[in-house]
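Here are a few short exercises to work through with the model open beside you. Try each task before reading its solution.

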Amino acid sequence: MKLEEKLGQFLIKHKLTIATAESCTGGLLSSKLTDVSGSSEYVKLNFVTYANEAKHNILGVSWDILNTYGAVSEECAQAMADGLQKATGCDVALCTTGIAGPTGGTDEKPVGLIYISIKYKNIVTVKELRLSPDIERIKMKEEFANQALNFAVSTLCCDKLC
């Protein structure tokens, strides 16, 4: 069973809704979620907040966070999840922000860096991953989306709710 199907079953079983705010995955996470038949029962609203202005205007990520820590940071990922849940009223907020490459990375924030955040039951959990910078951009986005789904399933199902 695909991760998006397992996540969908969990959401239906527990009568929960999900929303996404994506940067580095550019809508791919939303696409995967809505590839599942019946996803209209739980997918509430999805945003591609690629630019900092979108993160600020749609999700309410403060300019202080964006200017101090950057869009690719734990602090931004956490603020994205908080803002997404406020903006949509979803039960589960799932967000991605990272550097898909092949350009744009630094020593501190290399290509392949992603922060995935999930907010559920008023708790935000953020995961940092560093994938190989040698992965082609399209495959990097695919891996980022899969990692986000895996993180959501493992976070929500950790108490055997799935």
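**Exercise 1. Fold outline**

Task: Write down the order of helices and strands in this predicted model, then judge how compact the chain is.

Solution. Start at the N terminus and walk along the protein chain: the elements come in the order α-β-α-β-α-α-α-β-β-β-α. Next, tally them, which gives six helices and five strands. Now turn to compactness. For 162 residues the globule rule gives 15 Å, and the radius of gyration of the protein chain is 15 Å, close to that value, so the chain is as compact as a globular protein of that length. To finish the outline, take the principal axes: the C-alpha atoms fill a box of roughly 45 × 30 × 25 Å.

**Exercise 2. Surface, burial and charge**

Task: Find what share of the residues counts as buried, and describe the accessible surface and the charges.

Solution. Begin with burial: 49% of the 162 residues of the protein chain count as buried. Then take the accessible surface, about 7900 Å² in total, with 49% of it belonging to carbon and sulfur atoms. For the charges, locate the mean position of the 17 positive ones and that of the 19 negative ones; these two points are 6 Å apart. As a last step, look at contacts with a separation of 6 or more: 61% of them are between residues 24 or more positions apart.

**Exercise 3. Two cysteines**

Task: Decide how many disulfides the structure holds, and whether Cys90 and Cys95 are buried or exposed.

Solution. A disulfide needs two cysteine sulfur atoms within 2.5 Å. The count for this structure is zero. Check Cys90: its nearest cysteine sulfur belongs to Cys95 and is 8.2 Å away, so by the 2.5 Å cut-off Cys90 is in no disulfide. Check Cys95 in turn: its nearest cysteine sulfur is that of Cys90, 8.2 Å away, and Cys95 is in no disulfide either. For burial, the cut-off is under 20% relative accessible area. Cys90 has 5% and is therefore buried, while Cys95, at 1%, counts as buried too.

**Exercise 4. The surroundings of Ala152**

Task: Place Ala152 in its element, and name the residues that it touches beyond four places away in sequence.

Solution. First, find the element: Ala152 lies in helix H6, which covers residues 137-156. Second, look at its exposure: with a relative accessible area of 0%, Ala152 is buried. Third, list its contacts, leaving out residues up to four places away in sequence: Ala152 touches Leu7, Leu94 and Ile118. Finally, compare sequence with space: Ser117 is 35 residues from Ala152 in sequence, and their C-alpha atoms are 8.7 Å apart.

Key. Residues numbered from 1 in each chain as written. Predicted model: local features only at pLDDT ≥ 70, side-chain atom pairs only at ≥ 80, totals over all residues. Heavy atoms only, no water. Buried < 20%, exposed > 50% of the residue type's maximum accessible area, 1.4 Å probe, protein only. Helix = DSSP H or I, 4+ residues; strand = E, 2+ residues; numbered from the N terminus. Rg over C-alpha atoms; globule rule 2.2 N^0.38 Å. Contact = heavy atoms within 4.5 Å. Areas by Shrake-Rupley, 256 points an atom, 1.4 Å probe, with all protein chains shown as cover. Lys, Arg positive; Asp, Glu negative; His and termini not counted. Charge placed at Lys NZ, Arg CZ, Asp CG, Glu CD.
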